[in-house]
Amino acid sequence: MAKHDTPMLDELEKGPWPSFVSDIKRQAEKNPDCWDILGQLELSYRDKITHWKHGGIVGVFGYGGGIVGRYSDVPKQFPGVEHFHTVRVNQPASKYYSTENLRALMDLWEKHGSGMTNMHGSTGDIVLLGCRTEALEPFFWDLTHELGQDLGGSGSNLRTPANCLGQSRCEWSCFDTEEACHHLTMHYQDEIHRPAFPYKFKFKFSGCPNDCVAALARSDFAVIGNWKDDIRIDQAAVKEYVAGNIPSNGGAHSGRDWGAFDIKKEVLDLCPTECMWMEGDELKIDNSECTRCMHCINVMPRALRPGKVQGASINIGAKAPILDGAQFATLIIPFIEVTAENEFENVIEVIENIWDWWMEVGKNRERVGETMQRVGLPTFIKVMGLDPIPQHVREPRSNPYVFWQEEEVPGGFDRDVEEFRKRHAA
Amino acid sequence: MGYDPENPMADRITDVGPPHYSKFHPPVIAKNKGKWLWHEITQPGVLVHKAESGDECWTVRVGAARLISIELIREMCDVADAHCDGYLRFTTRNNVEFMVDSKDKVQPLLDDLASRGNKFPVGGTGAGVTNIVHTQGWVHCHTPATDASGVVKAVMDELFDYFVTMSLPAQVRIALACCLNMCGAVHASDIAILGVHRKPPMIDHSRITGVCELPLAISACPLGAVKPAKAEVNGEEIKTVKVNNDRCMFCGNCYTMCPAMPLADPDGDGIAILVGGKVSNSRSAPKFSKLVIPFLPNTPPRWPETVEAVKNILEVYAGDAKKYERIGEWAERIGWEKFFEKCNIPFTIKSVDDYRLAYDTWRTTTQFKYTSHIK
């Protein structure tokens with residue numbers, strides 16, 4: 001039986017899209033506290049403002065993250081959500097589950113929490129929404145002892161790393177994203193659980209430049225699959241596409257009649273580097289001009305595949321706009337091998353180079369991309385011990401204000417103004 | 001057994017991390033990992049991946065709210081147990097994927113899903129609108145300027161046909177963040193729905209001493225609008241802060257650092273619409289979303305102004321863009337002046353950047369188009 005009238009929320013039970021309101025009501029039949037979620041949300045809909053207090057520091061012993069405190073500002077009206085803390089549980093890489101594991105996790109959350117979740121939070125964690133402070137330690141005990149699972153990150157630490165599903169079900173992935181993600185998650189458990197950084201730091205692993213996990217837009221450390229050699233071409237399949245026997249773009253456009261497939265218009269002319277052409281019915285690619293944008297491969301997945309010499313690009317420093325404006329991650333290492341054979345030691349070396357420097361010079365609540373902005377890309381390239389290359393910039397600078405170093409200039413910076421005046425009257 | 005509050009550190013287990021992913025791969029995935037040849041979307045929401053071995057993995061993608069109950073997740077498990085050997089996965093956009101290893105298992109799975117009311121809409125593939133990624137909103141966050149789940153539900157109800165079909169020029173990624181912190185990172189989305197504040201913070205002098213470190217509150221402001229000040233509380237002079245309202249850009253960063261500076265407000269808060277961002281490197285480089293509608297009011301429960309604005313932009317784009325063109329690529333090709341004209345969105349001074357790095361967006365050429373904006 002509903003505990004509160006929720007006429008506005010009830011409107012959101014209509015319509016074809018799945019209704020979170022119906023779903024919370026369903027859960028409330030099992031756990032009556034959920035009626036108070038709806039009651040407080042209805043009040044917010046009436047008042048047009050949130051009814052959650054600011055923050056609240058709660059956690060489990062020994063960890064500095066993984067739990068986000070949340071308290072109602074109207075607890076007398078809605079005692080079921082007086083405490084409504086978030087628990088972040090580190091998701092398995094690629095977000096595959098056995099139903100056995102998922103059911104066990106749901107049973108735990110039924111025992112300790114509200115029964116509401118997010119599958120998943122924006123960073124990738126399993127987000128369990130709403131439990132009381134006194135439930136946190138018992139939940140954590142059961143999570144680690146019964147399920148062998150652990151919390152994710154929150155606060156100024158390494159946030160829970162995330163990956164696209166990669167080679168597990170995608171033909172384009174240029175490295176094993178789920179192994180890289182899992183390995184580094186395990187390698188950096190301390191950094192995930194105990195905040196020691198100036199601010200948050202995110203790893204994301206995408207298998208190809210399509211970047212399905214938005215690494216370039218969202219992560220401080222983006223590993224994005226790439227390749228070095230030639231795009232693999234199956235000329236017989238090219239002919240099938242040209243003949244219209246295979247749908248373009250993997251069938252993604254089949255809902256509208258766009259006319260017959262036109263390889264010139266849809267592939268050659270949309271190539272950003274114009275490095276493709278037809279010779280008779282053979283497709284040719286000048287791979288030395290290719291920037292591996294993926295368009296042609298996306299459009300003809302049965303005819304074209306990434307090359308065989310595979311690895312990744314590393315881009316550093318993405319973030320949302322707060323505070324100085326949004327940043328995409330900057331290309332720092334154009335190509336690096338990413339393999340479990342060396343336990344990702346070359347990637348780890350890059351990570352720790354960044355951290356050693358950023359933990360020293362980064363200001364409180366400064367993302368590494370902001371530190372890069374503040375000190376400048378030239379300084380960052382030097383910190384990383386890299387040779388500057390044109391690939392680091394979109395274009396060369398257009399102002400002449402170079403910070404010349406003293407040792408670069410013959411005779412250094414020390415000069416004698418009296419000697420100067422003997423030759424140049426004031 | 002279980003947790004002993006008298007002895008909290010006994011037998012404690014920490015830092016075990018997530019379970020290894022390989023325990024959760026369906027058999028066809030485990031067998032063919034790294035050996036996939038190609039894929040095809042055979043109908044909206046249904047994908048086939050073909051492996052070198054000749055094996056096929058058929059995936060049925062289903063939309064879900066992000067806010068879901070354990071009862072619903074158990075129902076998803078029932079479906080996976082009945083059809084998918086007890087495995088399923090979630091996508092980065094809160095969709096659920098059910099996988100089977102042969103084509104003849106697809107229709108029974110689709111029939112089962114369809115029999116469960118509107119809980120499991122099949123779609124979200126190819127040149128359509130897939131699930132909206134979003135944040136918590138009023139249901140769980142302390143800084144939001146709007147709700148999240150409710151706005152998303154209202155928008156997806158209206159755009160539902162685009163979820164279950166693939167008739168657009170390209171995929172359209174919509175995202176919602178309920179305040180400028182952008183936990184949802186909507187800054188690179190085709191259409192971004194963003195909660196915004198419009199009133200400066202209030203100062204709760206009676207609480208600030210206990211809950212704030214004043215230097216952190218002061219340095220939290222990117223524009224130096226928060227300054228040290230003194231105030232009288234119960235006859236005693238206390239150290240506090242004041243806000244130069246003229247310099248406030250309503251980012252809310254001060255409130256994040258100082259609970260005594262609340263800025264949310266029923267009339268001040270609402271929604272801005274940004275468009276034209278993309279994440280993929282395909283054809284053009286990744287792009288940021290651009291502010292085209294600075295403010296729409298919060299109108300629960302169905303936010304009709306926001307729903308209409310999103311639908312309008314989507315449908316003008318759908319009728320005008322070329323095959324493969326993302327919204328941002330289309331807007332750049334036709335020119336942003338044409339974007340505003342075609343979408344019938346008034347251009348206001350608020351779309352002209354006056355924050356940092358603003359100059360990058362100013363037009364420094366004589367190339368332009370004559371639109372109705374030029375009188």
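## Domains and chain interface in a predicted two-chain model

In chain A, the C-alpha centres of domain 1 and domain 2 lie 30 Å apart, with the division, taken from an automatic or database domain assignment, running as domain 1 (7-146), domain 2 (162-226 + 312-392) and domain 3 (232-305). This is a predicted model, in which local features need pLDDT (the predictor's confidence in each residue, from 0 to 100) of at least 70 and side-chain atom pairs count only at pLDDT 80 or more, while totals for chains, interfaces and linings use all residues. Residues are numbered from 1 along each chain as its sequence is written, chains are lettered from A in the order in which they are written, and side-chain values use heavy atoms, without hydrogens and water.

Between domain 1 and domain 2 of chain A, eleven residues of the former are in contact with 15 of the latter, contact meaning heavy atoms within 4.5 Å. These two domains of chain A bury about 1,000 Å² between them, 44% of it on carbon and sulfur atoms, where buried area is the accessible area (1.4 Å probe) lost on putting two parts together, summed over both. Zero salt bridges (a side-chain nitrogen of Lys or Arg within 4 Å of a carboxyl oxygen of Asp or Glu) are found across this interface.

Turning to the two chains, 134 residues of chain A are in contact with 131 residues of chain B, and the chains bury about 11,700 Å² between them, 59% of it on carbon and sulfur atoms. Trp17(A), His54(A) and Arg169(A) supply 9% of the area that chain A buries against chain B, more than any other three residues. The chains share 13 salt bridges, and the side chains of Arg194(A) and Asp15(B) meet in a salt bridge at 2.7 Å, N to O.
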